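Reader: I would like a close look at a single part of this model. Please keep it brisk.

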Amino acid sequence: MTDENGALPAMDIIIAGGTLVDGTGAKRLKADLAIGGNRIVSIGPAGAFSGKGVKQIDATGRIVAPGFIDVHTHDDNAVLISPDMTAKISQGVTTVIVGNCGISLSPIAPHDPVAPLTLLGERAAFRFSTMGAYAQAVDAARPCVNVAALVGHSTLRIGALADIGKKASASELDLMRERLSECLSAGAIGFSTGLWYKTNAAADMDEVVGLAELLSDVGGVYATHMRDEHDGILDSLYETFETANRAQVPVVISHHKCAGRANWGRSRETLPVIEKARAKQAVSLDVYPYIAGSTVLEPETVDPDTRIMVTWSKTHPEMALRDLGDIAREWGCSQADAAGRLRPAGGIFFQMDEADMRRILSYGPTMIGSDGLPHDINPHPRLWGTFPRVLGHFCRDEGLFGLEEAVHKMTGLSAKNFGLTDRGVLREGAFADVVIFDADTIIDTATYENPVQPAAGIDHVLVGGTVSWSAGGHTGHRAGGFIRRG
Ligand code: ZN
Ligand code: CU
């Protein structure tokens, strides 16, 4: 990259001696990277920039990759109240997509949140009646990572509907459409549903299409936690494809899984169905690399055949980290009744089959998203471990896919599907979101019993050219902000 006089641009940081895995899926190559301001200004052969740049980072023996994009998060409030974002930056994540599963902090006036909005925080968190106000708050907090936002259907419904248990009336739909449009103008990248949750379940396809169709003009994306990830998984996939097709929008199937023992092995059915749909319309999906899920614990979602670990309970905090089955036996009641007595509460649900998860993870179009819950005292280990687990455990140790493909699933593919311009790839002109890691030692250390543990093997993380994480700790410099669509 040279200017009109053929001169090289100013170089602030040179990352030298490393092996580049550029995020596109292309084969790795030895090269040096020059950063000027918040962009990559040049990539050249080893030694090409020696003597240039104010700062040198030695990447000898290391992989240099685009910063990871966590496409499925509930970090809406975390980026404001814990801007260090240690759980994410310590894994090499430089961008989080918030507002998944139909729940987002905006646009909703101050409100006592009900489950599942409680996953994002308590009343004080819900103070942004417009996406513009939320975006401003993100920029003011200057979190360690960048933030791109989806608008949640449950949030819109709670703000507009007289009865959340019903389908929206024409005037309620109009109000939601108006608010979604405002959010999109303020830079939101798309819209999400969580049709499985009771705040969203009464919405039919017409209601979802009535909102999702607003995305097509602006190039937004529709992400969905589908109505049924258990026995009705195929019907939910068909509903998803038809909804997106009617709305003429690209769709992301969130945290794809075949949940419940009776459905183990059914990724052999779902992936071919997804593949077939992909021939006709834009469909992608994400997954987290664990066989347990985690969300709010409600009596109606307790399946006695699934082991459930309680992560927190407002009424019985002493029951955290214990199995619901044991609590129910001790109390002499059903697991559903125990869940009711623990409420409000959260749980980890061991409901997936390892072979399904591996099959979904290995599928080419699958992206990586943590679905981590940042406000749990005992969070599912996916919050701290997702990305190093894919790179260390599933790529290196288990050989499910090559390193180039693993990195692509968490960078270039993610940026493309969510419309994040100039991110997810290492090339001249792209944002200098960069992670430098040791492919031989990178690994997650967070476990179900001890979940708050930074990963091993991450050397440096740069966000927009700012070295934000280095040698196992924060550098004290935060450089993230709100990413507007386009
Ligand atoms: Zn979800
Ligand atoms: Cu989620």
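What is the geometry of the site of the copper ion (ligand 2), and what angles occur among its four donor atoms? Please follow the chain outward from there.

Author: This is a predicted model. The site of the copper ion (ligand 2) is irregular, with angles of 84 to 167 degrees among its four donor atoms. To count as tetrahedral, all angles would have to lie between 85 and 135 degrees. The range found here runs from 84 to 167 degrees.

Now the donors themselves. The copper ion (ligand 2) has His72 (NE2), His74 (NE2), Cys101 (SG) and Asp371 (OD) as its protein donors. They lie 2.1 to 2.3 Å from the ion. Along the chain, the spacing of these donor residues reads H-x1-H-x26-C-x269-D. His72 sits in the loop between β8 (68-70) and α1 (78-81). Cys101 sits in the loop between β9 (93-98) and α3 (131-141). These two residues are 29 residues apart, and the pair links distant parts of the chain. His72 has 0% relative accessibility, so this residue counts as buried. Cys101 has 3% and therefore counts as buried too; the cut-off for buried is under 20%.

Cys101 leads to the second metal. This residue bridges the copper ion (ligand 2) and the zinc ion (ligand 1). The two ions lie 3.0 Å apart. The protein donors of the zinc ion (ligand 1) are Cys101 (SG), His225 (ND1) and His255 (NE2). Their distances from the zinc ion are 2.0 to 2.2 Å. In sequence, the zinc donors follow the pattern C-x123-H-x29-H. His225 belongs to strand β12 (residues 221-225), while His255 is in the loop between β13 and α9, so this pair ties together parts that are 30 residues apart in sequence. Both His225 and His255 are buried.

The loop of His255 lies between β13 and α9, and those elements take us to the next strand. From β13 the chain crosses through helix α9 (residues 267-278) to β14. This β-α-β crossover is right-handed. Strand β13 (residues 251-253) pairs with β14 in the parallel sense, over three bridges. Within that pairing, Val252 stands opposite Ser284 in β14.

β14 has another partner. Strand β18 (residues 366-368) also pairs with β14 in the parallel sense, again over three bridges. Here Asp286 is placed opposite Met367 of β18.

How enclosed is β14? All five of its five residues (283-287) are buried, so the strand is largely enclosed by the rest of the structure. In a regular strand the side chains alternate between the two faces of the sheet. In β14 both faces are covered. Val283, Leu285 and Val287 are buried on one side. Ser284 and Asp286 are buried on the other.

To sum up the route: Cys101 joins the two metal ions. His255 is a donor of the zinc ion (ligand 1) and lies in the loop between β13 and α9. From there, α9 carries the chain to β14, whose two faces are both covered.

Methods:
Residues numbered from 1 in each chain as written. Chains lettered and ligands numbered in written order. Predicted model: local features only at pLDDT ≥ 70, side-chain atom pairs only at ≥ 80, totals over all residues. Heavy atoms only, no water. Buried < 20%, exposed > 50% of the residue type's maximum accessible area, 1.4 Å probe, protein only. Helix = DSSP H or I, 4+ residues; strand = E, 2+ residues; numbered from the N terminus. Pairing = 2+ DSSP bridges. Right-handed = clockwise from strand over helix to strand, strands pointing away. Donors = N, O, S within 2.8 Å, 3.2 Å for Na, K, Ca; no water. Tetrahedral: all angles 85-135°; square planar, octahedral: opposite > 155°, others 65-115°.
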